[in-house]
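Welcome to this guided tour! Open your viewer, get ready to select residues by number, and follow along stop by stop.

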Amino acid sequence: MPQESELLRIRDVKKYYPITMGLFRREVGIVKAVDGVDLEISRGETLGLVGESGCGKSTLGRVILDLEPPTEGRVIFDGQDLSSLDSEKLHQLRRRMQIIFQDPYSSLNPRQTVGRIIGEGLIIHKIGTPAERKERVRQIMEVVGLRPEHINRYPHEFSGGQRQRIGIARALALHPELVVCDEPLSALDVSIQAQVINLLQDLQKEFNLTYLFISHDLSVVRHISDRVAVMYLGQVVELAQADELFSNPSHPYTRALLDAIPLPDPNHAKKHWKEAKEPTGQVLPESCIFQPRCLQAKPECEKNSPKLQEISTGHWVKCLAYNRVSARV
């Protein structure tokens, strides 16, 4: 269960990418990959982040880790605003934040041994002697279920599940507090996914890790997360405890995602949303971003933009239907 102390806070974070064309790379527009996100994560908590491909989940994860600077907004880790730190302090802080990448095939250098890959962070941060680093690598390999005697093997000699364990070991080598899991199961066989989920949960208990778990697989997110945030076109449209969100989905987009889960009988499948062209981060409506596809849209949804509203304790929804209820109260 999440603890009370807050580890990460992000405030009004935006990440825009310019669209350029022509010989002089003239800017003709922007892509709003992340558009004003507010979130908090407590120590020891797992926050699931779900949404369709292209909604900005992975970009948000990279901004949190300062792999990409935000266009606007603040990322505060353990009380320290990353934008206010000099390069040396930021370098030290990065030891406490790590990432597990989506693809265990492309994220591992094929020219490096497993020992070098896992121990690279130790070398970068100048931790221990070569002998101590090697011993640390052997220990962490054993913790994640790899055989220490395979320390001198190369990534191509391992299966997909084993490669992802190598990626997990690399993330844990520096004893981090926050781990961003960027779709760590999507490239794995279903038979292997359960093993990796169980491993992540065991490691969280053993090392008191805090996870931001990014995924499009709702069943996995429900199983592993304490709370769940739903993203659509760069914005968080719903946030709640996992049980509350799955038992009482309140935003039309969240309900559409849950309705889209395949059913044994396709005749009972529900209509998810309007057959409308999905907006992109480049061309967003000035009003509610989901209204072009929303089956419950009202005329006012074409004119007004909703705010994230707390409809019950810890349950936040960005929908004009709930903004109207709050206004009447």
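**Stop 1: where two helices meet**

Start by selecting Val114, Gly115, Ile118, Gly119, Leu122 and Ile123 in H3, then add Arg133, Arg136, Val137, Ile140 and Met141 in H4: these two groups meet each other. Before going further, please keep in mind that you are looking at a predicted model. Sorted by class, the residues of this H3 and H4 contact are seven nonpolar, two polar and two charged.

Now show the full helices: H3 covers residues 114–124 and H4 covers residues 130–143. Two packed helices are described by the angle between their axes and the distance between the axes. Here the axes come within 9 Å and cross at roughly 120 degrees. That angle makes H3 oblique to H4. The crossing of H3 and H4 is right-handed.

**Stop 2: H3 has another partner**

Keep H3 on screen and bring in H5, residues 160–172. Which residues of H3 meet H5? Select Val114, Ile117 and Ile118 in H3, and on the H5 side Ile166, Ala169 and Arg170. This contact has five nonpolar residues, no polar ones and one charged one.

The axes of H3 and H5 come within 7 Å and cross at roughly 30 degrees. Angles under 35 degrees count as roughly parallel, so H3 is roughly parallel to H5. The H3 and H5 crossing is right-handed.

**Stop 3: from H5 to H6**

Next, hide H3 and display H6, residues 190–207, beside H5. At what angle do the axes of H5 and H6 cross? They cross at roughly 15 degrees and come within 10 Å. H5 is therefore roughly parallel to H6. The H5 and H6 crossing is right-handed.

To light up the contact, select Gly161, Arg165, Ile168 and Leu172 in H5. Then add Ile192, Gln195, Val196, Leu199, Leu200 and Leu203 from H6. Colour the contact of H5 with H6 by class and you will find seven nonpolar residues, two polar and one charged.

Look again at the H5 side. An α-helix has 3.6 residues a turn, so residues three or four places apart point the same way.

**Stop 4: into the core**

In soluble globular proteins, nonpolar side chains tend to be buried together. The largest nonpolar core of this model has 53 residues. Which of its members touch the most other members? Select Ile118, Val144, Ile166, Ile168, Leu200, Leu203 and Phe213 to see them.

Zoom in on Ile168. Leaving aside neighbours within four places in sequence, Ile168 is in contact with Ile100, Val144, Val196, Leu199, Leu200 and Leu203. A second, separate core holds 31 residues, including Val13, Val63, Leu85 and Met231.

**Stop 5: a covered helix**

Val63 is also one of the buried residues of H1, so let us go there. H1 spans residues 57–64 and is mostly covered, with six of its eight residues buried. Select Lys57, Thr59, Leu60, Gly61, Val63 and Ile64 to see which ones they are. Just after H1, click on Asp66, where phi is positive at about 65 degrees.

**Stop 6: two more positive phi angles**

Most residues other than glycine have a negative phi, and most peptide bonds are trans. Asp78 is not a glycine, yet its phi is positive, at about 50 degrees. You will find Asp78 in the loop between strand S4 (72–77) and strand S5 (80–81). Leu233 has a positive phi too, near 50 degrees. Leu233 sits in the loop between strand S9 (227–232) and strand S10 (235–241).

Are these residues buried or partly exposed? Asp78 is partly exposed because its relative accessible area is 28%, while Leu233 is buried, with a relative accessible area of 7%.

**Stop 7: Ile30 on a strand**

Select Ile30, which lies in strand S2 (residues 26–42). Ile30 is partly exposed, with a relative accessible area of 27%. Try a distance label from Ile30 to Lys15: their C-alpha atoms are separated by 10.0 Å, and they are 15 residues apart along the chain.

**Last stop: zoom out**

Finally, show everything. The protein has 10 helices and 12 strands. Of its 329 residues, 49% are buried. Among contacts between residues at least 6 apart in sequence, 65% join residues at least 24 apart.

Terms used
Residues are numbered from 1 along each chain as its sequence is written. This is a predicted model: local features need pLDDT of at least 70, side-chain atom pairs count only at pLDDT 80 or more; totals for chains, interfaces and linings use all residues. Side-chain values use heavy atoms; hydrogens and water are left out. Axes are lines fitted to C-alpha atoms, for helices over the stretch in contact, and angles run from 0 to 180 degrees between N-to-C directions. Helices (H or I, at least four residues) and strands (E, at least two) are DSSP runs, numbered from the N terminus. Angles under 35 degrees count as roughly parallel, over 145 as roughly antiparallel, 65 to 115 as roughly perpendicular and the rest as oblique. A crossing is left-handed if the near helix is turned anticlockwise from the far one by less than a right angle, and right-handed if clockwise. Contact means heavy atoms within 4.5 Å. Ala, Val, Leu, Ile, Met, Phe, Trp, Tyr, Cys and Pro count as nonpolar, Asp, Glu, Lys and Arg as charged, and the others, Gly among them, as polar. A nonpolar core is a set of buried Ala, Val, Leu, Ile, Met, Phe, Trp, Tyr and Cys residues joined through side-chain atoms within 4.5 Å. Buried means under 20% relative accessible area, exposed over 50%, partly exposed in between (1.4 Å probe, protein chains only).
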